[in-house]
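Subject: Handing over a structure

Hi,

I'm passing this structure over to you, with my notes below it. Have a look at it first, then read on.

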Amino acid sequence: AYEIRPRDWSSDVYSSDLTFPFYRVRRWIGRSGRIYNFFMRKYQVLIIGQGIAGSVLAHTFRKKNIAFQVVDTPELSASSRVAAGIWNPIVFKRMTKSWMADEAIPAMHDFFAEAENFLGTSLLRRIKILKFFTEKQEADLWQKKQGDLRNYLDNDIYLKDQFSLTGLIPPDYGFSFVEESGNVNTEKFIQKTRDWLIARNSLHE
């Protein structure tokens, strides 16, 4: 996303997406300053790209009553549309919490609960992550970490004969579940946000 400030817009454009065609932005705004001056009289922020990040920014600015517009080239947002949207609070390799999981996951729930209410659709789905133990050390480490990660891990380790999912080979050393996990329907989130932006004349292609 890009923020434009009135004094010198060309030096105050910030981006995490280096693939975006800047020449289109400059052409759209207009080097003469006429379009730019019109824009800045009405809006505080210009968001470039309506992928996941751009959509989140749009809702954040909406809630903060910050005037904004969005410029998007739909074919450049394909990666956001096919993203699985999975959140997993656990790094399995070392059985530690994902970075800022205690802060990020509650913030995510708050954000999408409000977005679901505003957009009139469901976006967030809680789904347990099934963890196979391929060796005894993995099962032992899981048990060892259950105290530190009690908010995220199933308390039990299930044995091979308790496995009932068809089409999968039962794990020799048991299995368990990550409890606080799931996915966001990113495609629906982007499309519903796009519909809202179009309805309020805030999207330019």
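Here is what I found, starting with the whole chain and then going through the helices.

Before anything else: this is a predicted model, where local features need pLDDT of at least 70, side-chain atom pairs count only at pLDDT 80 or more, and totals for chains, interfaces and linings use all residues. Residues are numbered from 1 along each chain as its sequence is written, and side-chain values use heavy atoms, with hydrogens and water left out.

The whole chain

The chain has seven helices and 10 strands. Both come from DSSP runs (H or I of at least four residues for helices, E of at least two for strands), numbered from the N terminus. Of its 205 residues, 39% count as buried, where buried means under 20% relative accessible area, exposed over 50% and partly exposed in between, with a 1.4 Å probe and protein chains only. The accessible surface is about 12500 Å², and 52% of that belongs to carbon and sulfur atoms; these areas come from the Shrake-Rupley method with a 1.4 Å probe, and for residues only the protein chains shown count as cover. Among contacts (heavy atoms within 4.5 Å) with a separation of 6 or more, residues 24 or more positions apart account for 65%.

Helices 3, 5 and 7

These three pair up with one another, so to speak, in the contacts below. Axes here are lines fitted to C-alpha atoms, for helices over the stretch in contact, with angles from 0 to 180 degrees between N-to-C directions. Under 35 degrees counts as roughly parallel, over 145 as roughly antiparallel, 65 to 115 as roughly perpendicular, and the rest as oblique.

Helix 3 (residues 52-63) and helix 5 have axes that come within 11 Å and cross at roughly 80°, so the two are roughly perpendicular. On the helix 3 side you'll see V56, H59, T60, R62 and K63, which meet F111, E114, F118 and L119 of helix 5. By class that gives four nonpolar, two polar and three charged residues. (Ala, Val, Leu, Ile, Met, Phe, Trp, Tyr, Cys and Pro count as nonpolar, Asp, Glu, Lys and Arg as charged, and the others, Gly among them, as polar.)

Helix 3 also packs against helix 7 (residues 186-199), at about 50° with the axes 10 Å apart, which makes the pair oblique. I52, S55, V56, A58, H59 and R62 of helix 3 make this contact with T186, F189, I190, T193, W196 and L197 of helix 7. The classes are seven nonpolar, four polar and one charged.

Helix 5 and helix 7 pack at about 50° too, with axes 11 Å apart, so they are oblique to each other. Here F111, F112, F118 and L119 of helix 5 meet F189, K192, T193 and W196 of helix 7. The split is six nonpolar, one polar and one charged.

Two residues to click on

H109 sits in helix 5 (residues 101-119) and is buried, because its relative accessibility is 14%. Beyond neighbours within four places in sequence, H109 touches W87, L124, R126 and E180. Its C-alpha is 8.0 Å from that of L124, 15 residues away along the chain.

S80 is in helix 4 (residues 78-81). With 14% relative accessibility, S80 counts as buried. Setting aside neighbours within four places, its contacts are G51, I52, T186 and I190.

Cheers
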